[in-house]
Amino acid sequence: MQLPLSFEFFPTKTPEGAVKLRAVRQQLYAMRPEFCSVTYGAGGSTHDGTFAAVREILEEGVAAASHFSCIGATKATVRAQLGELKAMGVKRLVALRGDLPSGYGVGGEFLYASDLVAFIREETGRDFHIEVACYPEVHPQARSPEADLRAFAAKASAGADSAITQYFFNADAYFRFVDEARRLGISTPIVPGVMPITSSTQLMRFSDACGAEIPRWVRLRLQSYGDDTASIKAFGLDVVTRLCEQLRDGGAPALHFYTMNQSAATLALLERLGRRA
């Protein structure tokens, strides 16, 4: 049985970037995704670009999920944006606490993603399928693994329909997290987020920032390739294909790909997994 797929994009900053992203999306649509999501910059800094990309995806005939962060926001601004998304025909949200732009204090009426989830449910009932984030290798700002699990439980209790994980390269971390969530009584489907490997410097920078662990043997192998992009991509394809096979065989409910607005690496992964257009 083929697992459901979803793809994540981020808003582009130039007209040229928007044209390229449209071509990327068309290539990935051939894989029949359940939905495509669009990220939201710190403090809503990409609000217009996010909503514009979501609108385009809907117009292209594919279900679109808007990322939606709340830190620094007020109930009035969130209410207005929910109305805007509903009018566009959006049926799915990825509800996040989000990051503040540098130099800003916390502010706003929402402290946690669970507050946002609860507010969306209060305001809109079941109008939206709400995705939330979770962290098999523990959120970098969490006080402890237990505290991180409790935060996830709070989002589930507030009304989350499903969760997408931060990317990881150790399948055991995912399966252990799922087991621990189930022991806490969390029945929410937990979809693994998958990051294709195409650039070692980019991957290491992202991973250091978000707390995703790159196994030592993977990091050292990537470093050994230096600027040999072809070897990095070939090795990365092997590593992530094996990860996806483990996740699929272990019962993951779906796969969510962080595409980085590129199609080649994700398409190569899916071909390895036997997925055909």
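Biologist: What is the radius of gyration of the protein chain, and what would a compact globule have?
Modeller: The protein chain has a radius of gyration of 18 Å, and this agrees with a compact globule, because one with 277 residues would have a value near 19 Å. The radius is taken over C-alpha atoms, and the globule rule is 2.2 Å times the number of residues to the power 0.38. This is a predicted model, in which local features need pLDDT of at least 70 and side-chain atom pairs count only at pLDDT 80 or more, while totals for chains, interfaces and linings use all residues. Residues are numbered from 1 along each chain as its sequence is written, and side-chain values use heavy atoms, with hydrogens and water left out.

Biologist: What box do the C-alpha atoms fill?
Modeller: Taken along the principal axes, the box is roughly 50 × 45 × 45 Å.

Biologist: And how many helices and strands does the chain have?
Modeller: The protein chain has 10 helices and nine strands; these are DSSP runs numbered from the N terminus, with helices (H or I) of at least four residues and strands (E) of at least two. Among contacts (heavy atoms within 4.5 Å) between residues at least 6 apart in sequence, 78% join residues at least 24 apart.

Biologist: How much of the chain counts as buried?
Modeller: Of the 277 residues, 50% count as buried, where buried means under 20% relative accessible area, exposed means over 50%, and partly exposed lies in between, with a 1.4 Å probe and protein chains only.

Biologist: Switching to charges, how many positive and negative side chains are there?
Modeller: There are 30 positive and 30 negative side chains, and the centres of the two sets lie 2 Å apart. Lys and Arg count as positive and Asp and Glu as negative, with His and the chain ends not counted, and the place of a charge is taken as NZ of Lys, CZ of Arg, CG of Asp or CD of Glu.

Biologist: How many salt bridges does the count come to?
Modeller: A salt bridge is a side-chain nitrogen of Lys or Arg within 4 Å of a carboxyl oxygen of Asp or Glu, and by this rule the count comes to 14. One of them is formed by Arg79 and Glu123, whose closest N and O atoms are 2.9 Å apart.

Biologist: Which parts does that pair tie together?
Modeller: Arg79 lies in helix H3 (residues 75-88) and Glu123 in helix H4 (residues 113-124), so the pair ties together parts that are 44 residues apart in sequence. Arg79 counts as partly exposed at 40% relative accessibility, and Glu123 counts as partly exposed at 35%.

Biologist: What about Arg272 and Asp238, where does that pair sit?
Modeller: The side chains of Arg272 and Asp238 meet in a salt bridge, at 3.1 Å from N to O. The pair links distant parts of the chain, with Arg272 in helix H10 (residues 264-272) and Asp238 in helix H9 (residues 229-249), 34 residues apart. Arg272 is partly exposed with a relative accessible area of 41%, and Asp238 is partly exposed with 42%.

Biologist: And which residue does Arg248 form a salt bridge with?
Modeller: Arg248 pairs with Asp249, the closest N and O atoms being 3.3 Å apart. Salt bridges that share partners also join Arg22, Arg25, Glu56 and Glu60 into one network.

Biologist: Now a loop residue: is Gln166 buried or exposed?
Modeller: Gln166 counts as buried, because its relative accessibility is 19%. Gln166 lies in the loop between strand E6 (162-165) and helix H6 (171-183), and, not counting residues up to four places away in sequence, Gln166 touches Cys134, Tyr135, Pro136, Gly193, Cys210 and Tyr258.

Biologist: And where does Ser263 lie?
Modeller: Ser263 is in the loop between strand E9 (255-258) and H10, and Ser263 is buried, with a relative accessible area of 9%. Leaving aside neighbours within four places in sequence, Ser263 is in contact with Val24, Gln27 and Leu28.

Biologist: Last one, what does Lys233 touch?
Modeller: Not counting residues up to four places away in sequence, Lys233 touches Ile197 and Thr198. Lys233 is found in helix H9 and is partly exposed, with a relative accessible area of 44%.
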